Amino acid sequence: MKLYNTLSRKIEQVAPLSDKSLSLYTCGLTVYSRPHIGNWVAYIYWDVLERTLRAEGYEVNRVQNITDVGHLVSDEDEGEDKLQKGADREGVTAWEIAKKYARIADKEAFEELGLRRPEHMPKATDYIKQQIDFVRELENKGFTYQIEDGIYFDTSKLDDYGKLAKLDIEGLQSGARVADAGKKNVTDFALWKFSPRDQKRDMEWDSPWGKGFPGWHLECSVMARELLGDQINIHTGGVDHIPVHHTNEIAQTEALTGKQFSQFWLHANHIKVDGAKMSKSLGNIYTLDDIKNKGFSPQAFKLLVLSKHYRTEGNFTWDILEAAQNRLNNWRAMFNRRWQLAVLSNDQPDISSEILAALHNDIDTPAALARIDTYFDDVDKSRAMPNRDTLLTIRDVLGMDLLEYDITDEQKQLIQQRQEAKAKKEFEAADTIRGQLEEQGILLKDTQHGTIWSRK
């Protein structure tokens, strides 16, 4: 597969570190509230990435973490822990908040959006010991220092810090506040934060440096290393991860291992709402529940997302969603406007290779969808059945099972038997079969071209 590598800024061919499989790490959700539609955008793209790699014959070992501690409201190691903030908002513990929203996110991702479940979905709180050990290794190598609120990584010890985001380190330093939180350098980041002396947190652990909790960036480096090894093939996330989170992951991991952390860094761009950034003040933050309550399908939202390239900025409006829903309905209609079996054929060509070719080219989902559109237009005009292999490819690489809208082989046989009964003028038998199908939710209509069926 050809991918646009954020680190090298060019298209390259995936070259496995292992002959047997590819390793893929995805930064997961922080489970402190219900996900909004913007949260789901990147996961929809990375789902297609993984499915395409598998379609191309790779074994993919994928890790997607669950951030259930340590992510502060500011990426600059300041403010309240998001989980604790959620707990205060709802009057429960941070542990309860994490459990509640992890369960909601799980249902939305794998049941409603139809994403493929990664092989590993580790929680940050299950890897506290390993995170402490990771910091101790960095400490032994001379990359850390301690100040009043925690243990920090000294970015000045690395010659190439900020290479992913191409940060202007000198410019950042000259514009920094004096003695910013006691840090040596404005780019230094927390590895372990100390609990406030006057407050007991729901989530805190003993460590060699004092009671506290891990910095947000630490968990991804640790879980990637524990589950995938020192080096991985592909690391994915959102564009907002580039300047801080992924930059810091690279720094701490490569400082510890002395090896390149990931071959490829892929980042999905944001989606706006009505052309504006999502914000509470604008009242334009929507969830999948909002979409469903307006009568739209989460699968239609998936199509809306995939209609633009992962590296370009998207836009959500209810009109665009309606267009995506219509597109989905048109695809599904291939099984709601089927001609009677005697005039159906399966001679429509298989375009699986064309769909995969588009996705092979840096996950070009807009090109793949456009080819599927023209294919179904041709199917409709020719009154032919869509090629089954094409439908299986759409299911396997886009996670959209159009075959589930087909009728069963038994129902098709009943339609055939009814047609034969009508030809023999056995109208009572034909009506009985019509009644059987209607009880199963299948309606029949006789036309000059044959019998077509639809669902109730």
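**Entry 1: the antiparallel sheet**

I began with strand E6 (residues 150-153) and strand E7 (residues 189-194), which run antiparallel and are joined by 4 bridges. I note at the outset that the model is predicted. Within this pairing I looked up Ile151 and found that its bridge partner in E7 is Trp192.

I then followed the sheet outwards. Its 4 strands have the order E5-E6-E7-E8, the sheet is open, and the pairing is antiparallel. At the edges I found strand E5 (144-147) and strand E8 (212-214), each of which pairs on one side only. On average, neighbouring strands of this sheet are turned by 25° against each other, direction ignored.

Helix H4 (residues 128-140) lies across E5, E6, E7 and E8, and I recorded that H4 runs at about 120° to E7. I selected Asp133, whose place is in helix H4. Is Asp133 buried, partly exposed or exposed? Its relative accessible area is 31%, so Asp133 counts as partly exposed; the limits for that class are 20% and 50%. I also looked up the distance between Asp133 and Val222: the two are 89 residues apart in sequence, yet their C-alpha atoms are 9.3 Å apart in space.

**Entry 2: the parallel sheet**

I turned next to the open sheet of 4 strands in the order E4-E3-E9-E10, where the pairing is parallel. Why is one side of E4 and of E10 left without a neighbour in the sheet? Strand E4 (59-64) and strand E10 (262-268) stand at the edges and have a single partner strand each, so one side of each remains without a neighbour. Here the average turn between neighbouring strands is 20°, direction ignored.

Strand E9 (residues 232-238) and E10 run parallel and are joined by 6 bridges. In this region I noted that Gly238 stands opposite Ala268 in E10.

I then asked which strands helix H1 (residues 37-55) touches. H1 packs on the sheet and touches strand E3 (21-26), E4, E9 and E10, and its direction makes about 160° with that of E4. Helix H6 (residues 216-228) lies across E3, E4 and E9, and runs at about 160° to E3.

**Entry 3: the nonpolar cores**

The largest nonpolar core has 65 residues, of which Leu49, Phe301, Phe316 and Phe376 touch the most other members. I found that H1 gives the most to this core, with 11 residues. I examined Phe301 more closely: leaving aside neighbours within four places in sequence, its contacts are Ile37, Trp40, Val41, Ile44, Leu113, Leu288, Ile291, Phe316 and Leu321. Apart from the largest core lies another, of 49 residues, which includes Ala87, Ile151, Phe213 and Met223.

**Entry 4: the aromatic rings**

I counted rings with centres within 6.5 Å as a pair. By this rule there are 16 aromatic pairs. One of them joins Phe316 and Trp318, with 5.1 Å from centre to centre and 75° between the planes, an edge-to-face arrangement. The angle lies over the limit of 60 degrees, which means that the pair counts as edge-to-face.

Phe316 has a relative accessible area of 0% and is therefore buried. I noted, too, that Phe316 belongs to one aromatic cluster together with Tyr286, Phe296, Phe301 and Trp318.

Finally, I looked for charges over rings. Arg201 lies over the face of Phe213, at 3.6 Å from the ring centre. The charged end of Arg311 sits over the ring of Tyr310, 5.7 Å from its centre.

Note on methods: Residues numbered from 1 in each chain as written. Predicted model: local features only at pLDDT ≥ 70, side-chain atom pairs only at ≥ 80, totals over all residues. Heavy atoms only, no water. Phe/Tyr/Trp six-rings, centres within 6.5 Å; stacked < 30°, edge-to-face > 60°. Buried < 20%, exposed > 50% of the residue type's maximum accessible area, 1.4 Å probe, protein only. Lys NZ or Arg CZ within 6 Å of the ring centre and 35° of its normal. Pairing = 2+ DSSP bridges. Helix = DSSP H or I, 4+ residues; strand = E, 2+ residues; numbered from the N terminus. Axes fitted to C-alpha atoms, helices over the stretch in contact; angles between N-to-C directions. Contact = heavy atoms within 4.5 Å. Core = buried A, V, L, I, M, F, W, Y, C linked by side-chain atoms within 4.5 Å.
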